Amino acid sequence: MIVSAIVSGLSLGAMYGLIALGYHVTYAVSSTVNFSQGSAVMLGAVLLYTLWITLGWPLGPAVAATLVLAALFGLVVERLLVRPFAVRGSNAWLMATVAGGIILDNAAMFLFGKEPRSLPSSLATSPIHVFGAGIYPLQLIIPVVGVAMAVGLQILLNRTTRGKRLLAVVQNPTAARLMGIDVTRTIAVSFAASAVLAAVAGMLIAPLFSVSSDMGLVFGIKAFAVAILGGIGSALGVMAAGFVYGLVEALVTSLLGSSYTQILVFSAVIVALALLPNGLFGRAAVKKV
């Protein structure tokens, strides 16, 4: 039972981490976040189900089209729900992105239906046995994908010239423009990437959970908690916090029962942030005077 809980926790943690990486990307580039990120998770799962199962597309084109449409959703969020407020120095984008997610969720409910549906996958059908515990191959694949994404983002943003230019956008937009960086386009691309990361998470977890129009709400909230817990400015920190969160959640559920899960896990998050306000792996910002 413990082995199964650990593997399940790592899989869940990687999923939360993937979604939280989307928060990291937009924050690192523009100091804003997309609070419709959970809805992007739902969008990835629903679109894949619709294209692959309902319309009968081959899996490859269905996945590609899902990622493209998710990127377009991210661009729409940035252009309509974030940019008009951010350019005026208003924080109203916070509520605007929440409202955008609610609109998308309800649109999906009308078009996709209320009933949860199962997405078949050979990777989540026949479990393999590890130390006597039955584990689906997909549960092993999700952590690998999550770590690969986190490492890739960390290298891109901190070790490459293009990544350093992306970080320059948030540090000093005026200087970035003088360097020839298209600040507006860069921020828009970060929102597209954020939505794509969420859609990838949605497609990966769809065979393990029911696909429904409201599946992204809880995932989005937990992923934001993970982003803050890990230190939202660090991709590796966010992913590590995802694993910690997922493990704690799975072990509490396994040992004490699901009735205690949310109470104990979010209590632990509050205590951790009280002791480490910048997150487990974050650093306090340096202010120059």
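**Notes on the predicted model, core first**

1. The largest nonpolar core takes in 70 residues, and Met15, Leu21, Val211 and Phe219 have the most contacts inside it. Keep in mind that this is a predicted model. As background, nonpolar side chains tend to be buried together in soluble globular proteins.

2. Let's stay with one of those core residues for a moment. Which residues does phenylalanine 219 touch, not counting those up to four places away in sequence? Phenylalanine 219 reaches Met15, Tyr16 and Ile19, and also Val41, Ile205 and Phe209. Met15 shows up here as a partner of phenylalanine 219, and Met15 is also listed with Phe219 among the core residues with the most contacts.

3. Now the overall layout. The chain has 11 helices and 2 strands. Reading from the N terminus, the order is α-α-α-α-β-β-α-α-α-α-α-α-α. The radius of gyration is 19 Å, close to the 19 Å from the globule rule for 289 residues, so the chain is as compact as a globular protein of that length. If you want a box for it, the C-alpha atoms fill roughly 60 × 45 × 35 Å along the principal axes.

4. On burial and contact range: 46% of the 289 residues are buried. Among contacts with a separation of 6 or more, 73% are between residues 24 or more positions apart. The accessible surface is about 14200 Å², and carbon and sulfur atoms own 68% of that.

5. Charges next. How many positive and negative side chains does the chain have? There are 15 positive and 6 negative ones, and the centres of the two sets sit 17 Å apart.

6. Valine 29 is worth a look in the viewer. It belongs to helix H1, and because its relative accessibility is 3%, under the 20% cut-off, valine 29 counts as buried. Leaving out residues up to four places away in sequence, valine 29 touches Leu166, Val169, Val170, Thr186, Ile187 and Ser190. There is a C-alpha pair to check here too: valine 29 and arginine 165 are 136 residues apart in sequence and 9.4 Å apart in space.

7. Serine 31 lies in the loop between helix H1 (2–30) and H2. What is unusual about its backbone can be put in terms of phi: serine 31 has a positive value of about 60° although it is not a glycine. Most residues other than glycine have a negative phi. Is serine 31 buried, exposed or partly exposed? At 40% relative accessibility, serine 31 is partly exposed, because that value falls between the 20% and 50% cut-offs.

8. Serine 39 sits in helix H2 (residues 37–54). Its relative accessible area is 6%, so serine 39 is buried. Not counting residues up to four places away in sequence, serine 39 touches Gly101, Leu104 and Asp105.

9. Where is serine 118? Serine 118 is in the loop between helix H4 (93–112) and strand S1 (128–130). With a relative accessibility of 58%, over the 50% cut-off, serine 118 counts as exposed. Its C-alpha atom is 7.3 Å from that of phenylalanine 209, which is 91 residues away along the chain. Phe209 also appears among the contacts of phenylalanine 219.

10. Two residues of helix H5 round this off. Methionine 149 is found in helix H5 and is partly exposed at a relative accessible area of 30%. Setting aside neighbours within four places in sequence, methionine 149 is in contact with Leu18, Leu21, Leu197 and Val200. Leu21 is also one of the core residues with the most contacts. The C-alpha atoms of methionine 149 and alanine 235 are separated by 8.8 Å, with their positions 86 residues apart along the chain.

11. Leucine 156 is in helix H5 (residues 137–159) as well. At 31% relative accessibility, leucine 156 counts as partly exposed. Leucine 156 touches Gly163 and Lys164, not counting residues up to four places away in sequence. Its C-alpha atom is 9.4 Å from the one of leucine 166, 10 residues apart along the chain. Leu166 turns up in point 6 too, as a contact of valine 29.

Terms used:
Residues are numbered from 1 along each chain as its sequence is written. This is a predicted model: local features need pLDDT of at least 70, side-chain atom pairs count only at pLDDT 80 or more; totals for chains, interfaces and linings use all residues. Side-chain values use heavy atoms; hydrogens and water are left out. Helices (H or I, at least four residues) and strands (E, at least two) are DSSP runs, numbered from the N terminus. Buried means under 20% relative accessible area, exposed over 50%, partly exposed in between (1.4 Å probe, protein chains only). Contact means heavy atoms within 4.5 Å. A nonpolar core is a set of buried Ala, Val, Leu, Ile, Met, Phe, Trp, Tyr and Cys residues joined through side-chain atoms within 4.5 Å. The radius of gyration is taken over C-alpha atoms; the globule rule is 2.2 Å times the number of residues to the power 0.38. Accessible areas come from the Shrake-Rupley method with a 1.4 Å probe; for residues, only the protein chains shown count as cover. Lys and Arg count as positive and Asp and Glu as negative; His and the chain ends are not counted. The place of a charge is taken as NZ of Lys, CZ of Arg, CG of Asp or CD of Glu.
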